[in-house]
Amino acid sequence: MFDYLQSALDQRQANGLMRQRRLLDSPQAEHITANGAAYLSFCSNDYLGLANDPKLVLALQQAATEAGVGSGASNLITGHHRFHDALERSLAAFVGKPAALLFSTGYMANIGVISALMGREDAVFSDKLNHACLNDGAFLSRAKHHRFAHNDINALDQLLAASTARHKLIAADAVFSMDGDIAPLAAYLDLCERYDAYLYVDDAHGFGVLGPQGQGTLQHLGLDSPRLIMMGTLGKAAGVAGAFVAAEQVVIDYLIQHANSYIYTTPAPPPLSAALLAAVDEIKHGEARRQRLFAHIHLLKTSLKLQRWQLAASDTAIQPLIVGDPHEALALSQYLQQHGVLVPAIRPPTVPVNTSRLRISLSAAHQTQDVHTLIRLLHSAEQSLPRHVNAA
Ligand SMILES: *Cc1c(COP(=O)(O)O)cnc(C)c1O
């Protein structure tokens, strides 16, 4: 087996697809120290700059003094702390749903919810570009899994029309994690009404950023329905860790009984929930942060004038610069790194073949001059980087 593993790794290296971890030696922020060097970073999903916010840090420290650091037992034994409960109530009220349930990560929320709600007689309908954990959830559920072309309402309509499944669940990223575009959720909700289906919305990249007070993509689009199940992550704009699912009370009650990734695990430490209560407050009153973020997005989109690489159509904090060839994407990322700027190169299998890209993510923590630095470097890279022609 080890020979097999090594040759698979060698193959990945030869294809320009090997991934490397950097050692971060500073808080997650716009200016970081990684592998011993200082960088300006456009890598993190800390869209509001909360990951190192003093109010959150203080809330966590005080809660640790009061509640300790460990949860000690699963939620259904003695691990459900009043900080967890307070956060669930606060999140449900904030997004306007009857109830919410905390999970330790977004990954666990997606696999737990989909596999609990769906079974062998049911069907899940997924956008082809959905996050990997939505697909894993569908797989675990043993339901029939239909994948439709990105944002293709007609294809989804036809699949739903042809389905004889008992229960039908449409699953989609609200803001696509590698593309930054927004799913046509209003049209999906219409299809739910027509075909008696339900809509599971993964708002990892909209919660905190979009909508009134940063409530999320559904509120940004003015959508509300009992058929909606919303998932928001708490390790991105909220700056800490974890995720929540908000839905009708009966859905949450059912998940508490049946979502394995909720039941058979130790919940995140109570102080994290205390820090997240502070984060929800910062998000609610975070209009200035959001304005700064959207000013950066506007600046990048209007000032970047490249011939060779183009930004994908996105109005969110995720601004992908499509390069195509994985070697060239890596070379561009390395060029920026040599000049003190980190932007990750995203390659297959995370994105489709021939769409390797730089995933630029902007944050309210950036200064205007940081965005100018990035723009200037991308222009100079276009002049000085050799082209790769062996498209892979
Ligand atoms: C990051 C992400 C997740 C996973 O959330 P974690 O809390 O990091 O596990 C799920 N869905 C999407 C779309 C994401 O971008």
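In the predicted model, a backbone N or O atom of Tyr107 lies 3.0 Å from an oxygen atom of the ligand, where a polar contact is a pair of N or O atoms within 3.5 Å (within protein, one must be able to donate a hydrogen and the other to accept it, and residues adjacent in sequence count only if both atoms are side-chain atoms). The structure is a predicted model, in which local features need pLDDT of at least 70 and side-chain atom pairs count only at pLDDT 80 or more, while totals for chains, interfaces and linings use all residues. Residues are numbered from 1 along each chain as its sequence is written, and side-chain values use heavy atoms, with hydrogens and water left out.

Two side chains also approach oxygen atoms of the ligand: a polar atom of His205 lies at 2.5 Å, and an N or O atom of Lys236 at 2.7 Å. The protein covers 82% of the 380 Å² of accessible area that the ligand has on its own, as computed by the Shrake-Rupley method with a 1.4 Å probe. Around the ligand there are 14 residues, of which Gly106, Tyr107, Asp202, His205 and Lys236 come nearest; a residue is counted as near if one of its heavy atoms lies within 4 Å. This shell divides into three nonpolar, eight polar and three charged residues, with Ala, Val, Leu, Ile, Met, Phe, Trp, Tyr, Cys and Pro taken as nonpolar, Asp, Glu, Lys and Arg as charged, and the others, Gly among them, as polar. Helix H5 (residues 106–117) supplies three residues, the largest share of the shell; helices (H or I, at least four residues) and strands (E, at least two) are DSSP runs, numbered from the N terminus.

A search of the whole structure finds four aromatic pairs, defined for rings of Phe, Tyr and Trp (its six-membered ring) whose centres lie within 6.5 Å, with planes under 30 degrees apart counted as stacked, over 60 as edge-to-face and the rest as tilted. One of them joins Phe148 and Tyr188, whose ring centres are 5.9 Å apart and whose planes stand at 85°, so this pair is edge-to-face. Because Phe148 belongs to strand S5 (residues 144–148) and Tyr188 to helix H8 (residues 185–195), the pair ties together parts that are 40 residues apart in sequence. Both Phe148 and Tyr188 are buried, a term for under 20% relative accessible area, with exposed meaning over 50% and partly exposed in between (1.4 Å probe, protein chains only).

Phe207 and Phe244 form another edge-to-face pair, with 5.1 Å from centre to centre and 70° between the planes. Phe207 lies in the loop between strand S7 (197–202) and helix H9 (217–220), whereas Phe244 lies in strand S9 (residues 243–247), 37 residues apart. Phe207 is buried at a relative accessible area of 1%, and Phe244 is buried at 0%. Together with Phe94, these two residues form one aromatic cluster.

Backbone geometry was also examined. The peptide bond from Pro348 to Pro349 is cis, with omega near 10°, and Pro349 is placed in the loop between strand S13 (345–346) and S14. Asn35, in the loop between strand S1 (31–34) and strand S2 (37–41), has a positive phi near 50° although it is not a glycine, and with 52% relative accessibility Asn35 counts as exposed.
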